[in-house]
Structures are given as structure tokens and as C-alpha cells.
Amino acid sequence: MSGLPSVYIVSAARTPVGSFLGTLSSLSATQLGSTAIKAAVERVPQIKPEDVEEVFFGNVLSANLGQAPARQCAIGAGLSNTVPCTGVNKVCASGMKAIILGAQTIMTGNASIVVAGGAESMSNAPHYLPVLRNGAKFGDQSLVDGMLKDGLTDAYKKEHMGLAAELCSDDHGVSREEQDAYAIATYQRAQEATAAGIFSKEIVPVEVSGGRGKPPVQITTDEEVKNLNIDKLKTVRPVFKPKDGTVTAANAAPLNDGAAAVVLMSEAKVKELGVTPIAKILGWGDAAREPERFTTAPALAIPKALKHAGITEKEVDFYEINEAFSVVALANMKLLNLSADKVNVYGGSVAIGHPLGCSGARIVTTLTTVLREKKAKIGCAGICNGGGGASAIVIESLQ
């Protein structure tokens with residue numbers, strides 16, 4: 001990206017990640033998104049909400065949220081009613097693609113301060129009744145699960161994403177035992193990071209009702225992390241191929257609610273306001289392949305991002321690779337020849353959770369934490385998305 005204006009991440013914030021129908025299920029995706037945006041902006045005391053010039057925000061399960069969810073997130077966060085807002089749906093990569101679009105907007109001179117990220121409430125995804133528009137004339141009718149239809153099912157083969165994970169396991173020789181061992185390790189890493197308070201700087205507490213007659217409750221940690229049961233994890237039955245499968249509910253990412261946001265700023269504005277950035281965006285890359293093999297698209301996007309950034313693989317200190325399934329991380333690590341001690345060092349989505357439209361921004365947020373805590377310089381985040389794609393981004397820590 002030599003010759004192009006520099007773009008900086010000047011703050012990052014995320015909600016805790018809630019479990020399906022869990023602690024955050026009373027809040028919509030737009031409410032969660034507003035919480036993350038408000039916190040990210042407040043973490044830059046040199047700016048006011050009305051200084052934000054544009055918003056790009058990911059969301060996948062938008063049914064029943066109302067018009068323009070990204071705009072709702074922005075207005076709910078107190079941003080100006082004159083700020084342009086664009087929603088992004090690149091399935092699981094939505095939040096990361098929103099950050100990329102924000103960086104491009106600043107580089108082309110269309111804005112100097114942009115908010116980007118993503119939000120999802122899988123708990124509140126509705127069911128559909130497709131026949132109702134024309135009338136159900138006769139016989140029983142079926143509801144369609146909007147979360148399953150629009151978030152977790154291949155649009156071409158009409159198969160659950162889990163079957164693509166099984167295909168990945170077959171393609172790359174990743175056993176059930178390897179996936180279980182990886183899942184256990186990612187839970188343990190996330191538990192250790194949570195206990196040490198490592199996520200506390202990136203997480204903004206969320207207040208929810210404590211129930212009738214009880215005071216509100218502050219949610220401050222990711223809900224799923226504590227739920228590791230090693231004996232049960234090793235014995236639970238495969239979900240998608242019951243007889244000879246390798247992918248289980250325990251070694252795959254769960255269903256979740258959450259939001260994450262970053263504030264991006266041009267170099268000129270950083271200098272003008274005297275802001276201390278937390279990271280510089282060095283480059284990015286998108287890639288795609290056959291829809292059923294989306295699981296290994298990060299192995300195509302990450303090299304593109306490194307090339308765009310002018311960075312070699314040896315210069316990367318740490319990676320975040322989204323764990324849609326344990327096999328996704330394992331297969332991409334194998335393809336890219338990455339050491340386990342450089343990938344998802346504070347745990348990944350199998351343990352933390354995977355709110356679809358949020359996760360791309362969540363792993364970028366966590367990558368800034370990893371680089372700060374490890375006193376490292378270069379990080380790369382990659383995330384696959386349904387339909388065959390992936391996005392990746394490279395950042396340089398300035399903390």
C-alpha cells in the first residue's frame with residue numbers, strides 16, 4: 001500500500017459475547033451495536049460523537065430489525081443524524097469487511113473519522129412463514145428458521161455449514177481427536193485470559209434486567225468461556241454425520257450475541273487532534289473459492305493481505321483465525337504452516353463465541369489486545385464466510 005494515505009485504529013470496543021438465548025438475548029443486534037459504537041467513540045476523548053463522518057457496520061440476520069440496522073446502531077450510540085451509514089453482509093466476514101471499507105473511505109479522502117464493526121443477535125433471529133404472503137390454501141405449513149436459512153446454510157447445496165466442516169476434515173485429514181484437543185485448548189486459553197483480566201480493556205460492560213423486582217445486572221465477561229467440560233466434549237456425538245463424523249457441537253463455535261466496533265482515523269486527523277492510535281492498518285485481502293470449501297478460504301485471503309501490506313509471513317507475530325469450527329483453524333494453520341503458539345493465543349470463537357456479523361470486528365479488536373499484551377508488532381486476522389469467501393487484514397500495533 002505504499003503511496004496511499006495511512007489509516008489508524010484509534011480505539012476498539014466490544015460487548016461481552018452472550019450465549020444463545022442467554023444473558024444478552026433481551027437486547028437486539030442494533031442495541032448491542034449501539035453499545036459497542038458508543039464505547040469505541042468515548043474511548044477517544046479528542047472527538048465528539050458528531051465528529052464521526054461515516055459508519056460501516058456488519059449484520060447478517062437483519063430480518064425484523066427494521067430499516068437500516070447500521071443507521072440504527074449509529075443513532076442509538078448518539079452519533080449525528082447526518083452521518084451516512086452502510087450495512088455490510090458478507091456473512092461471518094461482515095465486521096471485518098466493514099473495517100476494510102472504512103479504511104478505503106479514509107484513503108480515498110471521503111472521510112477522516114469512520115466507525116466500523118458489526119453486531120448480531122442470533123437469539124433474536126425470527127422464523128419465517130414464506131407461504132403467508134400469497135395465502136396458505138390447504139394443509140399444514142412449515143416455519144423457516146431465519147438463523148439457519150440466512151446464517152448457517154449453504155445457499156447452493158442447501159446444506160448446513162457443518163457439512164462443509166466435515167468436508168474440510170476429509171480434505172485435510174483432520175481427525176475428531178485433533179479437533180477435540182484444539183477445542184479444549186482454545187477454551188483453556190480463553191479461560192486463562194478471562195481470569196487474568198486481559199479482555200477487560202476491550203469489553204464494555206452491558207447492563208441487562210435482573211428480573212422483576214431485582215436490580216439490573218452488569219455483564220462483563222463472555223458467557224460461553226466457562227462452559228468447558230472435557231469429558232463431555234470428548235464423548236458428545238457428531239452432529240452432521242452421526243455415524244462417522246468428526247464435527248460436534250462442542251468442537252464447533254456456538255450460537256451467540258454480541259457487537260464490536262473500531263474508530264478509524266486518517267493520519268492528518270490523528271496529528272491534528274493529537275490522538276495516540278492503537279494500531280495502523282497495513283493492508284487487507286479478500287479471496288473466494290468453491291462455496292462448499294469456504295472453510296479454507298482464509299488460506300487464500302491471508303497471503304493476499306500480507307502481500308498488500310508488504311509484509312512477509314516471518315514478520316507476523318500473531319494471528320487471529322476465526323474458529324467457525326475447530327477444523328477451520330486447524331486446516332488453515334496446516335495450509336499456511338503456522339505454529340499453534342502464534343494463532344488465537346487468548347482463545348477463539350469456539351470458546352468466546354461467534355455472533356456472525358460481529359466476529360470479523362471482534363477478532364480485529366482482540367488482535368489489538370494480543371499485540372499489546374504480548375508487546376508484539378505485527379498481527380494478521382483472517383475469517384472465512386459462507387458462500388466460499390474470506391477476508392483478512394494486517395495491522396501494526398502502536399501500543
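**Exercise 1. Pairing of β12 and β13**

Task: In this predicted model, work out how many bridges join β12 to β13 and whether the strands run parallel or antiparallel.

Solution: Start with the pairing itself: β12 and β13 are joined by 4 bridges. Next, check the direction, which is parallel. Then pick a position to look at: glutamate 320 stands opposite alanine 381 in β13.

**Exercise 2. The two faces of β12**

Task: For strand β12 (residues 318–321), find which residues point one way and which the other, and decide whether they are buried or exposed.

Solution: A general idea helps here: along a regular strand, side chains alternate between the two faces of the sheet. Now turn to the strand in hand. Phe318 and Glu320 point one way, while Tyr319 and Ile321 point the other way. As for burial, all of these residues are buried.

**Exercise 3. Glycine 382**

Task: Locate glycine 382, explain why it counts as buried, and list what it is in contact with beyond its neighbours within four places in sequence.

Solution: First, the location: glycine 382 lies in strand β13, which covers residues 378–385. Second, the burial: glycine 382 counts as buried because its relative accessibility is 0%, and the cut-off for buried is under 20%. Third, the contacts: setting aside neighbours within four places in sequence, glycine 382 is in contact with Met96, Ile302, Glu320, Ile321, Asn322, Ile363, Ser391 and Ala392. Finally, try a distance: from glycine 382 to glycine 353 the C-alpha atoms are 16 Å apart, with the two positions 29 residues apart in sequence numbering.

**Exercise 4. Asparagine 344**

Task: Find where asparagine 344 sits, which side chain it joins through a polar contact, and what its phi is near.

Solution: Begin with the loop between α10 (326–336) and α11 (349–352), where asparagine 344 is found. Asparagine 344 counts as buried because its relative accessibility is 1%. Its side chain and that of glutamate 323 are joined by a polar contact of 2.9 Å. Not counting residues up to four places away in sequence, asparagine 344 touches Tyr182, Arg189, Tyr319, Glu320, Ile321 and Glu323. Last, its backbone: phi is near 50°, a positive value in a residue other than glycine.

**Exercise 5. Valine 91**

Task: Find which loop holds valine 91 and why this residue counts as buried.

Solution: Valine 91 is in the loop between β4 (85–88) and α3 (94–107). Valine 91 counts as buried because its relative accessibility is 17%, with the cut-off at under 20%. To finish, read its phi, a positive value near 50°.

Terms used
Residues are numbered from 1 along each chain as its sequence is written. This is a predicted model: local features need pLDDT of at least 70, side-chain atom pairs count only at pLDDT 80 or more; totals for chains, interfaces and linings use all residues. Side-chain values use heavy atoms; hydrogens and water are left out. Buried means under 20% relative accessible area, exposed over 50%, partly exposed in between (1.4 Å probe, protein chains only). Contact means heavy atoms within 4.5 Å. Two strands pair if DSSP finds at least two bridges between them. A polar contact is a pair of N or O atoms within 3.5 Å; within protein, one must be able to donate a hydrogen and the other to accept it, and residues adjacent in sequence count only if both atoms are side-chain atoms.
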